[in-house]
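Hi there,

Here is the structure I promised to pass on. Please have it open in your viewer while you read the notes underneath.

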Amino acid sequence: MTATTPPGIADIRRAAARLSGLIVETPLIESLELNKRFGARILFKPETLQRTGSFKFRGAYNKLSSLSEEERGRGVVAFSSGNHAQGVAASAAMFGVKAVIAMPADAPAMKVGNVRKMGAEVVPFDRFRDDRMTVVGPYMEKGMVLVPPFDDPAIIAGQGTIGLELMRQVEALGASLDAVLVPCGGGGLISGISVAVKDASPGTAVWAVEPEHFDDTRRSLAAGARVANEPGHSSICDAILTAEPGVITFEINRRNLAGGIAVSDKATAQAMRDAMAYLKLVVEPGGCVGLAALSSGEIELAGKCVAVVLSGGNVDFGTYAGIM
């Protein structure tokens, strides 16, 4: 696997071996109340319970594992609104390497605090005015290794381990999946999951879910080419606000995805309340868009079995209290 080659199922299995014993194999949970509401069997995969509170640890640790000792010795640098930052900081601490993370100045305080607690240096930048690569450039010039948030084969393979777990757990339940709904920013999570899902069950539809006005993957799939988001919009889903799909992620997603669904902030907030009420889970806005998509009317649910990935739970107390 080179730096630009999309990972395959063998890469994801190797990532699973590296992560064995280090990650939480998050369970599948369901709510009879939500099953009744949607007229379907809905299986939730709560990566909110993962190390660092989101799926991002999987890809970050796999990436650092793939580096040579010499590369790790130079330190690592990343840019992230928070969840990837925490995954990189935790992985760097485990390997004993220096980590510098560029984070938007408006990133949730909880995420910034967690990154600092894990020993990483935080460099703030303006999400809307600053170019991320320009911010991390000086550190890369010093020799630090970039750990990208999504457009990297080792990152994608690490996130794909969720798909391996999911399909194994579904089989253990004696169920057959009709569809999987996955939150989508740059596409690292859904592209990795899609490779594993399609390997085990080619007929299962994989859907990307994004916030309104940040539905670059949905529009790119429809256009057949990468399309950027229009500037000037905002969303409560800070974890999945990317400018456009990744090159490698889109190459995988254009082959594997059934399409994309865009959900409003209002629908996402309601989904967060439902997650608290029926699943007893704290889910951050970006992590809850898959649950919000169940109410969108975009996919046929009646009598189906659908998996929903809840990708993270790192939300500031004040934001969460306001939404509740």
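Below is what turned up, element by element. One thing to keep in mind throughout is that this is a predicted model.

**The parallel sheet**

A good place to begin is the open sheet, which is built from four strands in the order E4-E3-E2-E5, with parallel pairing. Strand E4 (121-125) and strand E5 (145-146) are the edge strands; each has a single partner, so one side of each has no neighbour in the sheet. The link between E2 (residues 76-79) and E5 consists of two bridges, and these two strands run parallel. If you want to find that contact quickly, look for Val76, whose bridge partner in E5 is Val145.

Two helices lie across this sheet. Helix H6 (residues 109-117) crosses strand E3 (99-104) and E4, and its direction is at about 170 degrees to E3. Helix H7 (residues 132-141) lies across E2, E3, E4 and E5, running at about 170 degrees to E2.

**Helix H5 and what surrounds it**

H5 (residues 83-95) has 13 residues and spans 19 Å from its first C-alpha to its last, close to the 18 Å expected at 1.5 Å a residue. How much of H5 is covered? Most of the helix is, with 10 of its 13 residues buried. The buried residues are Asn83, His84, Ala85, Gln86, Gly87, Val88, Ala89, Ala90, Ser91 and Ala92. As for what they pack against, the buried residues of H5 meet H3, E2, E3, H6 and helix H8 (153-172). Just after the helix comes Gly96, which takes a positive phi of about 70 degrees.

**An aromatic cluster**

You may like this part. There are two aromatic pairs in the structure. In one of them, the ring centres of Phe57 and Tyr61 are 5.7 Å apart and the planes are at 35 degrees, so this pair counts as tilted. Both residues belong to helix H3 (residues 56-66), where they are four residues apart, about one turn of the helix. Phe57 is buried, at a relative accessible area of 0%, and Tyr61 is buried too, at 12%.

Tyr61 also pairs with Phe95: their ring centres are 5.1 Å apart and their planes are at 25 degrees, so this pair is stacked. It links distant parts of the chain, since Tyr61 is in helix H3 and Phe95 is in helix H5, 34 residues apart. Phe95 is partly exposed, with a relative accessible area of 27%. Taken together, the ring pairs join Phe57, Tyr61 and Phe95 into a cluster.

**Strand E1 and its partner**

Away from the four-stranded sheet, strand E1 (residues 41-46) has five of its six residues buried, so the rest of the structure largely encloses it. Six bridges join E1 to strand E9 (residues 305-310), and the two run parallel. Within this pairing, Phe44 has Val308 of E9 as its bridge partner.

**Gln159**

Which residues does Gln159 touch, leaving aside those up to four places away in sequence? The contacts are Phe55, Lys56, Arg58, Gly59, Gly188, Leu189 and Ile193. Gln159 itself sits in helix H8 and is buried, with a relative accessible area of 1%.

**Cysteines**

Last, the cysteines. How many disulfides does a search of the whole structure find? The count is zero. A disulfide is a covalent bond between the sulfur atoms of two cysteines, and the cut-off used here is sulfur atoms within 2.5 Å. For Cys184, the closest cysteine sulfur is in Cys237, 12 Å away, which is too far for a bond. Cys288 also has its closest cysteine sulfur in Cys237, this time at 8.9 Å, again too far for a bond. Both of these residues are away from the surface: Cys184 counts as buried at 1% relative accessibility, and Cys288 is buried with a relative accessible area of 0%.

That is everything I have for now. Happy to go through any of it with you.

Best wishes

Technical notes. Residues numbered from 1 in each chain as written. Predicted model: local features only at pLDDT ≥ 70, side-chain atom pairs only at ≥ 80, totals over all residues. Heavy atoms only, no water. Pairing = 2+ DSSP bridges. Contact = heavy atoms within 4.5 Å. Axes fitted to C-alpha atoms, helices over the stretch in contact; angles between N-to-C directions. Buried < 20%, exposed > 50% of the residue type's maximum accessible area, 1.4 Å probe, protein only. Phe/Tyr/Trp six-rings, centres within 6.5 Å; stacked < 30°, edge-to-face > 60°. Expected span 1.5 Å × (residues − 1).
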